[in-house]
Amino acid sequence: MRRGAAAVLPAVLSLSACAAFEDKPKGPPPVAINEDPYPSTYARYPGVPTIIRHATVFDGEGRQINDGTVVLVDGVIQAVGGPELAAPAGAQEIDGSGKFVTPGIIDVHSHLGDYPSPGVEGNSDGNEATSPVRPEVWAEHSVWPQDPGFSRALMNGGVTTLQILPGSANLFGGRSVVLKNVPARTAQGMKFPGAPYGLKMACGENPKRVYGSKGNMPQTRMGNIALARQTWAKAAAYKRKWDKYERDGGEMPERDLAMDTLSGVLAGKILVHNHCYRADEMANMIDMSHEFGYKIAAFHHAVESYKIADILAREGICSAMWADWYGFKMEAYDAIKENIPLVHNAGACAIVHSDDPNGIQRLNQEAAKALGDGIRAGIPNLSEAVAWEWLSRNPAKALGILDKTGTLVAGKMADVVMWNGDPFSDYSRPQMVWIDGALMYDANDPKRRPVSDFELGQPGEGDTK
Amino acid sequence: MSGKRLSWWGMAGIVCGVSGALVGWKANAQTFAVVGATVALGDGSQPIQNGMVVVRNGRIVAAGDIRMKLPADTQVIDARGKWVTPGIVAGFSRLGLTEVDLSAQGADDSSADGPFNAALDVVPAINPLHSTIAVNRADGVTRALVAPNAGKSIFAGQGAVIDTGADRDPITAARKFQFVELGETGSAKAGGSRASAHVLFRNALREAGELRRYAPAVAASRGGWPDERDRPVVRNPNESRLYGADARRSEDVLLTRFDAAALVPVLQGRQYLLVHVERASDILQVIALRKEFPSLKLVIVGASEGWTVADEIARSGIPVIASAVNDLPAAFEQLAATQSNVGRMRAAGVKVSIGMIDDNDTRYLFDERQYAGNLVALQKLPGATGVSWGEALAMITSRPAEAIGMGGEIGSLAPGRRADLVIWSGDPLEGFNAAEQVFIDGVRQPLDTHQTRLRDRYRYLPGQRNLPEAYRH
């Protein structure tokens, strides 16, 4: 990364230097482009001051507190500690004896809303597979907020935040959107306030299969890389043009929505989420990021991260992984069950992700499998408390929202799950889920159970799922 | 510990003390005993603390809360702190048919371009050396019902029961069942409607019924529905291949002769018919087939909406191999899907077991124990219906075997069963735990896989290296 930044820096500096000698801009002042034209309208729902006592707490920072106390006030975490913590005035007290409290799970890779249930053609909105380069599309414009899958992820999975990505047919799939898992009438109503955008990129088999089979580029992995590089070169030129305009004014350059997104990546405002299975391909993508001066936030489906975990640690790139998916295509052939703990062990950022409307309901159990495999492989210093980092802290980091959520730290959003048992057990389920301090699910209260519009009046409406 | 033969128990304690000497011991098909473990029999009963399993010549002699005198040369495996169960029986799978699913030649699970359907037999397609078999074996899956994928027809072909042993003979029971799609997939295969699928189904059975073995040419002109004497006699389902050139058929046929002949044992109730349906109304249609074709030995596969018609299924006595944790309206035929489906069917008296249809059924059969654990979890969820631990284990061991009449052979630790057993690091319905030793027909299995070899190669990423990773093996 450092190398990449250095390569771009001189160009920027020299332009700034020239500008410094100009007396004033040549043309009319630049028109500011609205970078947030579909803004979040999410507002937290009302909650009551809540204190959970006597629970086992995993704070998401690697710590376990026995007989722990968690205090939620005004939508934020007010305090986390032991039995000594005092209850705020008028707080509802919840006995967490035998229960576990964790940060809400964050799924960094979901297609809820853009590949919703029912999975019929009319609902299939995840891949704009009309060109391998489609950074102009935004996943939020495909998200159907009535996807029943959101409620399953909440009630069964304890998922409070999730990133919805475009599919991986394209080298540049488009922008992602980060959502709060709170039902709304519009996608804007679910958008996580202040979360940066992501760009979905893909390497490997999917783009070359989708376009190669049509006789178009890319048909090979070298075609993948060539087309991606050419695109970044264009984006760099586009950015130079706009940087100059924004500095000097003058004739407004033509806007290109695809290049807007890529330009945002080069400016560090949009985070790259790169679908990439194989270690050798990840290495190519890393070099590409250096060549053009951007940062990869995370490799997704990174089944071979264990082969280059040292490199990923050095580069500061997260790996979003499954516990045990393997072999469904060639690039997944070398998947191993210790991938997640081995990445963690190398000091790199490990994330458990789903990419699946069923898997998103069991991410805690996936972490449990990876934890068990890691311990059996002799990886030191693993524990349930440490493994919880894979489920909330690290995904929050990859999404650029770790300052807002992902761990139980005073002042952060009160996105909290109380489990009816150890969440690393297949026998446990969420008991209560709070998002921004509002109780969005309560296993004991059928009225605290979201039912999507699609399910109203249908068989099984409002059932436990 | 309520064992009656304390004298043996004392002896076991002594043997356990020297169990370290057993390292490297290769189990063969002789007598051995597993002692000290929590033993679950797989028959629906709850696990037994400090139990024992005795195996002789590849079969279970006894298991559970037993104490028995063992021959002096009995090998004893100390499994204190461990759990022992029957090996997992994958209730519905495509295991062993495909190495890699996508963009890799060699998949054998469907025959979309071939001319045959019901006549297809998965046996020649199964490769016991597929990595999928090794990976599942290493996670305690010892047997699987293997079905072909439907190609162009609603009939997918004949499925088998296999073991996952590291040998060249995977077949436990060839041509054990025919598999047919009669729900949304069946509709698509039949040209776009369930109505068409059902007519195709009935026509296929008609053609099977009209086949006359060795019938003289003149007899074909007699027309009409053949009487019982004319019905072909098939001892082995795959005898269909033997139909001679003189077997005559009417002009009014859609199936090839092989496909029609393959359905004869289905029609006669000599071969199970696994029917994939999800929607409540589709399930009721399958139950209704019983009236029309009383000999059919039906098994329903999938049944996401089964709980809404659980009483009807229970009355029919038809077993169900259900998907355990489907809870999304993934298709319009699954609107009522809930994880309580299995528990509610079970509570209504349906014979339920767990399968993996269309849920990564080629390779993630090891998820069945996690799913079974999730069904146990539902017991604590208000409004949901779960199953007991013992029943959950049975649903991934003995129940699927019973669904196809093989409960006397595999799936439990009852005396006389094949000695498929797994020693687990702990409770096997917890995904955290792993299989430590796996026996199939009493033979201890290797648990190394492509994956474990890769893990060992990359366990320690090198700083200074003398040679590339490729030399680390």
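Select B:Gln370 to begin: this residue is buried, because its relative accessible area is 3% and buried means under 20%, exposed over 50% and partly exposed in between (1.4 Å probe, protein chains only). You are looking at a predicted model, in which local features need pLDDT of at least 70, side-chain atom pairs count only at pLDDT 80 or more, and totals for chains, interfaces and linings use all residues. Residues are numbered from 1 along each chain as its sequence is written, chains are lettered from A and ligands numbered from 1 in the order in which they are written, and side-chain values use heavy atoms, with hydrogens and water left out.

**Stop 1: around B:Gln370**

Colour residues 367-377 of chain B, and you will see helix H10, where B:Gln370 has its place. Helices (H or I, at least four residues) and strands (E, at least two) are DSSP runs, numbered from the N terminus. Now show the residues that B:Gln370 touches: A:Arg362, A:Gln365, A:Glu366, A:Lys369, A:Asp426 and B:Leu429, leaving aside residues up to four places away in sequence. Contact here means heavy atoms within 4.5 Å.

**Stop 2: where the two chains meet**

Zoom out to see both chains. How many residues does the contact take from each chain? Chain A gives 65 residues and chain B gives 58 residues. Between them, chain A and chain B bury about 5,000 Å², 53% of it on carbon and sulfur atoms. Next, select A:Tyr326, A:Asp426 and A:Tyr427, which lose the most area in chain A to chain B, together 17% of what that side buries. Buried area is the accessible area (1.4 Å probe) that two parts lose on being put together, summed over both.

Now pick B:Asp367 and A:Lys369: they form a salt bridge, with the closest N and O atoms 3.2 Å apart. The rule finds three salt bridges across this interface, each a side-chain nitrogen of Lys or Arg within 4 Å of a carboxyl oxygen of Asp or Glu.

To see which elements of chain A touch chain B, colour helices H2 (149-155), H3 (205-212), H7 (309-315), H8 (339-345) and H9 (363-376) of chain A, the elements that give two or more residues to that side. The largest share, eight residues, comes from H9(A).

**Stop 3: the aromatic rings**

Show the side chains of A:Tyr277, A:Trp322, A:Trp325, A:Tyr326, A:Phe328, B:Tyr364 and B:Phe366, which form one aromatic cluster. Over all chains, the structure holds 29 aromatic pairs. Rings of Phe, Tyr and Trp (its six-membered ring) pair if their centres lie within 6.5 Å; planes under 30 degrees apart count as stacked, over 60 as edge-to-face and the rest as tilted.

Try B:Phe92 and B:Phe179: their ring centres are 5.0 Å apart and their planes are at 55°, so this pair is tilted. B:Phe92 lies in strand S6 (residues 88-93) and B:Phe179 in strand S9 (residues 171-181) of chain B, so the pair ties together parts that are 87 residues apart in sequence. Are these two rings' residues buried or exposed? B:Phe92 is buried, with a relative accessible area of 1%, and B:Phe179 is buried too, at 0%.

**Stop 4: chain B as a whole**

Display chain B alone to look for its 13 helices and 16 strands. Of its 473 residues, 61% count as buried.

Finish at B:Asn360, in the loop between strand S13 (352-355) and H10 of chain B. B:Asn360 is partly exposed, because its relative accessible area is 35%. Add B:Arg94 to the selection: the C-alpha atoms of B:Asn360 and B:Arg94 are separated by 8.7 Å, and the two are 266 residues apart along the chain.
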